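Here are a few exercises to work through with the model open in your viewer. Try each task before you read its solution.

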Amino acid sequence: MLEDLTTEASFPSVWPAAYPQGYAVVDVETTGLARDDRIISAGVYRLDARGEVEDHWYTVIDPERDPGPVWIHGLTREALRGAPLFAEIAGEFATRLEGRVLVAHNAVFDWQMIAREYARARAQAPVKQRLCTIALSKELALPLPNHKLESLAAHFGVVQERAHHALDDARVLAEAFRPSLRTAAARGVRLPLHECLPLTEWTDRPRTGQEAGHGGGYRATNWRPSRKRPACPYPNPGRYEPGKPLKQGMRVAFSGDTSVERDLLEDRATEAGLHVATSISRLTSLLVANDPDSGTSKVVKARQYGTPVMDEAAFGQLLHDVAPAAEG
């Protein structure tokens with residue numbers, strides 16, 4: 001195991017009582033980046049409260065479709081032949097995550113992919129909180145040239161052996177997280193923990209015969225297609241005011257992961273008479289974001305414009321009683 005590189009990281013004088021009791025450092029490799037893409041391998045390093053490795057686990061997974069960018073992750077159809085389905089390893093994966101904070105590099109992505117796989121398996125991952133090592137490195141003001149995993153690893157002298165291999169990426173991240181955690185403890189830094197919301201509803205978009213199963217080819221266009229919605233029939237009444245109901249015609253935008261599948265949440269907002277916007281402008285009434293400190297471009301713009309930001313749970317409550325548009 002790598003020696004800590006700073007006295008500060010090696011000997012925190014007092015360990016913060018509020019810090020978690022254990023961590024699951026996770027990396028998943030996937031067939032792509034879209035919501036209907038699948039996990040094809042997963043690596044987990046379990047760490048104790050102070051970041052020491054307890055054990056590790058790795059599996060490949062049959063994605064039930066083309067493996068995608070083989071040139072990145074190296075997992076060909078042949079390599080995945082005979083691999084278990086996600087539903088078959090969901091229980092074992094869950095034992096690795098249970099009772100721990102999920103740690104990942106760009107944790108929103110890993111969590112979204114994991115939550116979707118569990119939703120497909122009609123189950124939920126036993127994860128309540130996540131910690132993004134990008135956010136932690138920013139909190140610690142580490143002098144990194146960028147926020148790639150390789151840069152974080154180099155900063156702490158961790159050697160990558162197989163980039164984009166889920167187990168080695170998880171190992172690298174675990175070794176870089178340990179001194180980061182100890183530095184945070186020594187400084188009394190509050191960890192950037194965020195709530196993990198499991199998907200409670202799920203719909204896979206229909207795929208063409210060419211895309212479906214192992215016979216399909218890799219789709220170069222990975223992002224979800226835009227959906228045409230009917231124009232909102234109500235005028236925009238302006239910004240949402242805290243403590244008051246939503247009003248028909250308000251322009252609402254979404255950022256980050258949501259517990260209800262995004263398309264379904266947007267459909268509900270549209271049915272309630274709200275205008276679902278894909279971007280933030282001065283006319284936006286409200287931004288729904290479960291991580292208001294996530295630093296996404298939408299959150300940054302919302303702050304610049306003074307647009308209110310609300311989490312999904314509060315938004316869901318307000319959707320039950322949307323005020324009608326003003327007449328006239």
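**Exercise 1.** Work out the strand order and the pairing of the open sheet of four strands, then find its edge strands.

*Solution.* Keep in mind that you're looking at a predicted model.
- Step 1: Reading across this open sheet, the order is E8-E7-E9-E10, and the pairing is parallel.
- Step 2: Strand E8 (275-276) and strand E10 (309-310) pair on one side only, so they are the edges; two strands count as paired if there are at least two bridges between them.
- Step 3: Now zoom in on one edge. Strand E7 (residues 251-255) is joined to E8 by two bridges, and arginine 251 has histidine 275 as its bridge partner in E8.

**Exercise 2.** Which strands do helices H9 and H10 lie against, and at what angles do they run?

*Solution.*
- Step 1: Helix H9 (residues 262-271) packs on the four-stranded sheet and touches E7 and E8. Its direction makes about 170° with that of E7.
- Step 2: Helix H10 (residues 297-305) lies across E7, strand E9 (286-289) and E10. Against E9, helix H10 runs at about 145°.

**Exercise 3.** Do the same for the open sheet of six strands: give its order, edges and twist.

*Solution.*
- Step 1: The order here is E3-E2-E1-E4-E5-E6, with mixed pairing.
- Step 2: At the edges you'll find strand E3 (53-60) and strand E6 (193-195), each pairing on one side only.
- Step 3: From one strand to the next, the twist averages 25°.
- Step 4: For an antiparallel example, take strand E2 (residues 39-48), joined to E3 by seven bridges. One pair to look up is glycine 43 with its bridge partner in E3, tyrosine 58.
- Step 5: Add the helix. H4 (residues 86-97) packs on this sheet, touching E1, E2, E3 and strand E4 (101-104), and its direction makes about 160° with that of E3.

**Exercise 4.** Why does the pair of tryptophan 57 and phenylalanine 93 count as tilted?

*Solution.*
- Step 1: There are seven aromatic pairs in the structure. In this one, the ring centres of tryptophan 57 and phenylalanine 93 are 5.5 Å apart, and the cut-off for a pair is within 6.5 Å.
- Step 2: The ring planes sit at 35°. Under 30 degrees would be stacked and over 60 edge-to-face, so this pair is tilted.
- Step 3: Tryptophan 57 is in strand E3 and phenylalanine 93 in helix H4, 36 residues apart, so the pair links distant parts of the chain.

**Exercise 5.** Find the largest cavity and describe its lining.

*Solution.*
- Step 1: The count gives one cavity of 30 Å³ or more, and the largest holds about 30 Å³ of space.
- Step 2: Its lining is made up of Val26, Asp27, Ala104, His105, Asp110, Leu149, Asp169 and Leu173.
- Step 3: Sorted by type, the lining has four nonpolar residues, one polar and three charged.
- Step 4: Strand E1 (22-30) and helix H8 (166-187) each supply at least two of the lining residues.

Definitions and conventions. Residues are numbered from 1 along each chain as its sequence is written. This is a predicted model: local features need pLDDT of at least 70, side-chain atom pairs count only at pLDDT 80 or more; totals for chains, interfaces and linings use all residues. Side-chain values use heavy atoms; hydrogens and water are left out. On a 1 Å grid over the protein atoms alone, a cavity is a set of points where a 1.4 Å probe fits but cannot get out, and a pocket is an open set with protein on both sides within 12 Å along at least five of seven lines; lining residues have an atom within 4 Å of a point. Grid points are joined across faces, edges and corners, and a volume is the space filled by probe spheres set on the points. Ala, Val, Leu, Ile, Met, Phe, Trp, Tyr, Cys and Pro count as nonpolar, Asp, Glu, Lys and Arg as charged, and the others, Gly among them, as polar. Axes are lines fitted to C-alpha atoms, for helices over the stretch in contact, and angles run from 0 to 180 degrees between N-to-C directions. Contact means heavy atoms within 4.5 Å. Rings of Phe, Tyr and Trp (its six-membered ring) pair if their centres lie within 6.5 Å; planes under 30 degrees apart count as stacked, over 60 as edge-to-face and the rest as tilted.
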